[in-house]
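Subject: Structure handover and findings

Hello,

Please find the structure below, handed over for your own use. My notes on what was found in it follow.

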Amino acid sequence: MTAVTTADVLRLHPDDEVAVAVTELPTGHPLPGGGRTREPVPRGHKVATMGVPDGAPVHKYGQVIGRAAGPIEVGEHVHTHNLAYQPVGAEYEFGSTAWLPEPVPDADRATFEGYVRSDGRVGTRNYIGVLSSVNCSATAVRRIAEEARLSGMLGDFPHVDGVVPLTHGTGCGIGDDTGLEMLRKVMRGYLGHPNFYGFLVIGLGCEHNEIAGIVGDSGARSSMPLVKSTIQDLGGTTRTVREGLARIREILPDADRERRATVPASELVLGTNCGGSDGYSGITANPALGAAVDLLVRHGGTGVLAETPEVYGAEHLLTRRAIDREVGQKLLDRIAWWEEYLAAHGGTMDNNPSPGNKDGGLTTILEKSLGAVAKGGTTALRDVVGYADPITSKGFVFMDTPGYDPVSVTGLVAGGANLVCFTTGRGSAFGCKPVPSIKLATTSELYRRMEEDMDVDAGVVLDGSTTIEGLGEQIFDLALRTASGLPTKSEELGYGDEEFVPWQVGAVI
């Protein structure tokens, strides 16, 4: 990344025709390389530092982000009015930049305090879960969790983090197809997650997504308390809630006996996500998180990038990092699936960015994706896994998920992520029980404005207080402390009960 060439304007690569406004630029403001702004340019937005002919490609990060929709003069604000999406048509390389970092020796690896479960997996929290098999039992599930909290019964068990209701809007009206299997795969991933000590699974009793089909091959620990019941068998909602609370009371004493133990950082599976991105996301928070992921990989852990529609146009950078052609092709196969999936529903991959992203300075999906992939750091891509599939490889991994935050993170947690880092430029409010979510603000202005929601101020990179690498070290340290029990801002605010959102695919009948 090229250094800031004026106090208020940042050009990211010598070949870029545009630079980013670090602050709001008035008309006549001087630009790198000469010239002045022809009009006001909002902070986070792009300004042309070179002339671009009509139809010519426009570059940022040294990569194509679109084509000029008409001639662009030096000093013009570059955004949706004069920059259009254009498919890149990249030629894919496989493994050309698959960097394998020098691992930290075992004796020197970082550690955290986690819950070592009977199957050897390590949790960062200690929850009891209440899962609805179908939307019809969601109200009962919510009441069980709410009454467990309001009754004060958890007060005597300080080593239990709480009771998490996991409800959703489906479970019936779906056939024996991809939709049902996807839902069950997510549920099985949660049932086997090391952040849960025990589970209640509550159904209605006549739904298509029968409890037996969920727990039969769930991968849950054999030692995990797992209570299964239906509203119809128990005789109604009130009796179901009463019975659920009784079962939680039985589980709590044993759950409270769990204690944290020192474990290596290699037991961390860090899911990364971004929401409400802006023009600074690819400059501050995302690359700093990528630097933290690189550190985690060096310490033997796993960092996971997701949101397939938001790496579109930057996938060629990831295939270059693939450990081999097979891994790179798996990513391209998922991109092709998304193109077909959206075309079948009348959509295209360039429907992104959102209106909020555009207000924050992002113009095309290519620009957004180039910033988003920075969350994955720089090391070799070890594996590509399907939505909610188990994450088994160490190192840098990609999971195929939608870009919608709750659906994406639900898949990451189901796959085994026991910690999440979430970057935001516009100010997303998000949590993901049972997994702590660290929130990274792209600018100091956002951090100050929403300080009760934000854990990290990545804007310090812009003012020169630290470097990308220095902030990455701070994020890595915070990740270890959070995994050891330090509450995140979203946990303190109670976020996470509504963010269990399995990906709904397939027909609704």
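Strands β1 and β2 are paired in the antiparallel sense, with two bridges between them, and β2 covers residues 18-21. Please keep in mind throughout that this is a predicted model. Within this pairing, Leu10 has Val20 of β2 standing opposite. Both strands belong to an open sheet of four strands, which runs β1-β2-β3-β6 and has antiparallel pairing. The edges of that sheet are β1 (9-10) and β6 (77-78); each has a single partner strand, so one side of each has no neighbour in the sheet.

The second sheet is also open, but it has seven strands and parallel pairing. Its order is β17-β18-β16-β15-β19-β20-β21. At the edges are β17 (381-385) and β21 (456-457), each of which pairs on one side only. Helix α8 packs on this sheet, where it touches β17 and β18 (395-399). The direction of α8 makes about 35° with that of β17. Further along the sheet, β19 (residues 419-424) and β20 (residues 437-441) pair in the parallel sense over five bridges. One of the residues involved is Val420, whose bridge partner in β20 is Ser437.

Next, the aromatic side chains. How many aromatic pairs does the count come to? The count comes to ten aromatic pairs. One of them joins Tyr190 and Phe500: the ring centres are 4.8 Å apart and the planes stand at 75°, so the pair is edge-to-face, a label that applies over 60 degrees. Tyr190 sits in helix α2 (residues 178-191), while Phe500 is in the segment after α14 (489-492), so this pair ties together parts that lie 310 residues apart in sequence. Are these two residues buried or exposed? Tyr190 is buried, at a relative accessible area of 3%, and Phe500 is buried too, at 4%.

Trp337 and Trp503 make another edge-to-face pair, with 5.8 Å from centre to centre and 85° between the planes. This pair also links distant parts of the chain, since Trp337 belongs to helix α8 (residues 325-344) and Trp503 to the segment after α14, 166 residues apart. Trp337 has a relative accessibility of 28% and therefore counts as partly exposed. Trp503, at 9%, falls under the 20% limit and so counts as buried. Both residues are part of one aromatic cluster, together with Trp338, Tyr341 and Tyr387.

The loop between α8 and α9 (355-359) is the place of Thr348. This residue is partly exposed, and its relative accessible area is 41%. The C-alpha atoms of Thr348 and Trp338 are separated by 8.9 Å, and the two residues are ten apart along the chain.

The last item is helix α10, residues 365-372. Why can α10 be called largely enclosed by the rest of the structure? Eight of its eight residues are buried, so the description follows directly from that count. The buried residues are Ile365, Leu366, Glu367, Lys368, Ser369, Leu370, Gly371 and Ala372. Among them are Glu367 and Lys368, which you may want to look at when you view the helix.

Regards

Technical notes
Residues are numbered from 1 along each chain as its sequence is written. This is a predicted model: local features need pLDDT of at least 70, side-chain atom pairs count only at pLDDT 80 or more; totals for chains, interfaces and linings use all residues. Side-chain values use heavy atoms; hydrogens and water are left out. Buried means under 20% relative accessible area, exposed over 50%, partly exposed in between (1.4 Å probe, protein chains only). Two strands pair if DSSP finds at least two bridges between them. Rings of Phe, Tyr and Trp (its six-membered ring) pair if their centres lie within 6.5 Å; planes under 30 degrees apart count as stacked, over 60 as edge-to-face and the rest as tilted. Contact means heavy atoms within 4.5 Å. Axes are lines fitted to C-alpha atoms, for helices over the stretch in contact, and angles run from 0 to 180 degrees between N-to-C directions.
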